[in-house]
Amino acid sequence: MIVHFLDYEIQSDNYSTSEIKEIFDEKNRFKRWMKIEVALSEIESEFDIIPKESANHIKKIMENPNIDWEKVAESYRKNFNSLIPVLDEVRRLCGEPYNNYLHYGATTQDIIDTSQMLEIKEVIEIYNRRLLSIKNKLIKIIEESGNFSIIGRSHGQYAVPITLGYKLAIWLNEIERHIERLELWEKRGLYGQFGGATGSHNLLGEKGISVGEKLMKKLGLNYSKISWQNSRDNIAEFASILSLINGSIDKMSGEVYLLGKTDVAEIREGKTKEAGSSTMPHKKNPVLCERIGAISYHINAMVQVILNTVSHEHERDPRKLWAEWLAIPSLCIYLDSILNNMEDILTNLCIYPDVMMENLNKYKNDIISEYILSCLSKSLDKKNAKEVLNNIMKISKDTKKDVIEIIKNDSKLCNYFNEEMLSIIEKPYKYNGICEKIREDILFKIKKGGKNEN
């Protein structure tokens, strides 16, 4: 029975990608656990904690283990421990006396946490690749279409003119910060776990620290001498970074969705996926933007679950641990899905500069009001300037005339404006502040490899 998107076969990649699902594949997880166990036995033999013969035997058996998965499944139906059913099967394969030295000095959480960190490490590699792709696609669009004028929106209403490049430069700056956040977390956050029942190395004593350090080095992780079994803030920080990335991608896709509405039609999702209506042939639905919006809710829900696990009880609290372990795969898979979709959207983004200009001209009387007020304020105090502006806008709405026509036909009003001012009022797309400079500065800084200043 299909109850979760990970169970899908026919719709397998609608909400995920095969690449990242492979990381969290159940059997791959079991193999990762055993990889850690083999590495542990090898290192413990180097410290004369277990016989070298046992470590060599365990390694040889695990090179091509003939695991009875049905037996493992049956064991899981009887034992709710995350690791024991797999561990018992490996012990059976190793046989006595070698199996007595498997998992020596470790606890289930050591293996599960370390495995999860190895998964996260692989996940970050995928995220880095996708974020870099999104970054490069944004740069390309900004370079090719960045000087197109577009209406800036505020409170859901038309504000003042900006450029498309300025809008996308803000997105680009966010993506660059996310890349930096992941980079910083990866340097200081990828810690494996090894300390035994409560992280205090009761069985191995001081040798446990040396074993832990060498084990994590072999696995490509950092090692903390003090246990983090009940300190989940590091994982919560990782989840929070994913939440921030999710927010940016949701914002970007939401903007494409809004600007693609029939009555705006300035930008829209391309034709990578067929997304027509079952009853209205004229429609091309923005299905990728919609998928991102839907998935983003689930991402935020998973992040909240993980944030709740920080409030741990005593030295180990499986209520919190299992909640985290259950949430991490879904969170990582969902985020990869929306990053993949955003790559697709940007690759095939349809941009309509003529419509942008048409909308600017259609609403030019409103979007130039700030500039008119600033011009009037050079000759009048603010109160009187507002009264004059309100009168101009009222006449414009009543007569359906452009404000520039009203100003030019009134000799008194003309005294408040010079030729440059009148030119901008007539062509409001010229009134876009330093959008072009900001666009160029962001492009220069990011392409040069500079770090964000904010």
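Begin with the charged side chains of this predicted model, where a nitrogen-to-oxygen cut-off of 4 Å gives a count of 35 salt bridges. Three of these pairs and one network make useful stops before turning to the helices.

**Glu42 and Lys218.** Select these two side chains, which meet in a salt bridge with 3.8 Å from N to O. The pair links distant parts of the chain, since Glu42 belongs to helix 2 (residues 26–46) and Lys218 to helix 8 (residues 207–219), with the two positions 176 residues apart in sequence. Colour Glu42 by accessibility and the charged residue counts as buried, because its relative accessibility is 19% and the limit for that class is under 20%.

**Helix 2 against helix 3.** Keep Glu42 selected and add helix 3 (residues 52–63), which packs with helix 2 at an angle of about 160°, the axes being 8 Å apart. That angle makes helix 2 roughly antiparallel to helix 3, and the crossing of the two is left-handed. To display the contact, pick Met34, Val38, Ser41, Glu42, Ser45 and Glu46 on helix 2, together with Lys52, Ala55, Ile58, Lys59 and Met62 on helix 3. Sorted by class, the residues of this contact divide into 5 nonpolar, 2 polar and 4 charged.

**Helix 5.** Move next to helix 5 (residues 84–94), where Pro85, Val86, Leu87, Glu89, Val90 and Cys94 are buried. Show helix 2, helix 3 and helix 4 (69–78) as well, as these are included in what covers the buried residues of helix 5. Within helix 5, the side chains of Arg91 and Asp88 meet in a salt bridge at 4.0 Å from N to O, and the two residues are 3 residues apart, about one turn of the helix. Arg91 counts as partly exposed at 26% relative accessibility, and Asp88 also counts as partly exposed, at 38%. Just after helix 5, select Gly95 and inspect its backbone, which takes a positive phi of about 75°.

**Lys447 and Glu143.** Which parts of the chain does this pair tie together? The closest N and O atoms of the salt bridge between Lys447 and Glu143 are 2.4 Å apart. Lys447 lies in helix 19 (residues 435–448) and Glu143 in helix 6 (residues 108–145), so the pair ties together parts that are 304 residues apart in sequence. Lys447 is exposed, with a relative accessible area of 53%, whereas Glu143 is partly exposed, with 42%. For the network, select Glu19, Arg129, Arg130, Asp336 and Glu343, which are joined into one by salt bridges that share partners.

**Helix 9 against helix 10.** Finish with helix 9 (residues 233–259) and helix 10 (residues 287–308), which pack at an angle of about 160° with their axes 9 Å apart. The two helices are therefore roughly antiparallel to each other, as angles over 145 degrees count as such, and helix 9 passes helix 10 in a left-handed crossing. On the helix 9 side, select Ile235, Ala236, Ala239, Ser240, Ser243, Asn246, Ile249, Asp250, Ser253, Val256 and Tyr257, and on the helix 10 side Cys289, Glu290, Ile292, Gly293, Ser296, Ile299, Asn300, Val303, Ile306 and Leu307, which together make the contact. Coloured by class, the contact of helix 9 with helix 10 shows 12 nonpolar, 7 polar and 2 charged residues.

Notes
Residues numbered from 1 in each chain as written. Predicted model: local features only at pLDDT ≥ 70, side-chain atom pairs only at ≥ 80, totals over all residues. Heavy atoms only, no water. Axes fitted to C-alpha atoms, helices over the stretch in contact; angles between N-to-C directions. Parallel < 35°, antiparallel > 145°, perpendicular 65-115°, else oblique. Left-handed = near helix turned anticlockwise from the far one by under 90°. Contact = heavy atoms within 4.5 Å. Nonpolar A, V, L, I, M, F, W, Y, C, P; charged D, E, K, R; others polar. Buried < 20%, exposed > 50% of the residue type's maximum accessible area, 1.4 Å probe, protein only.
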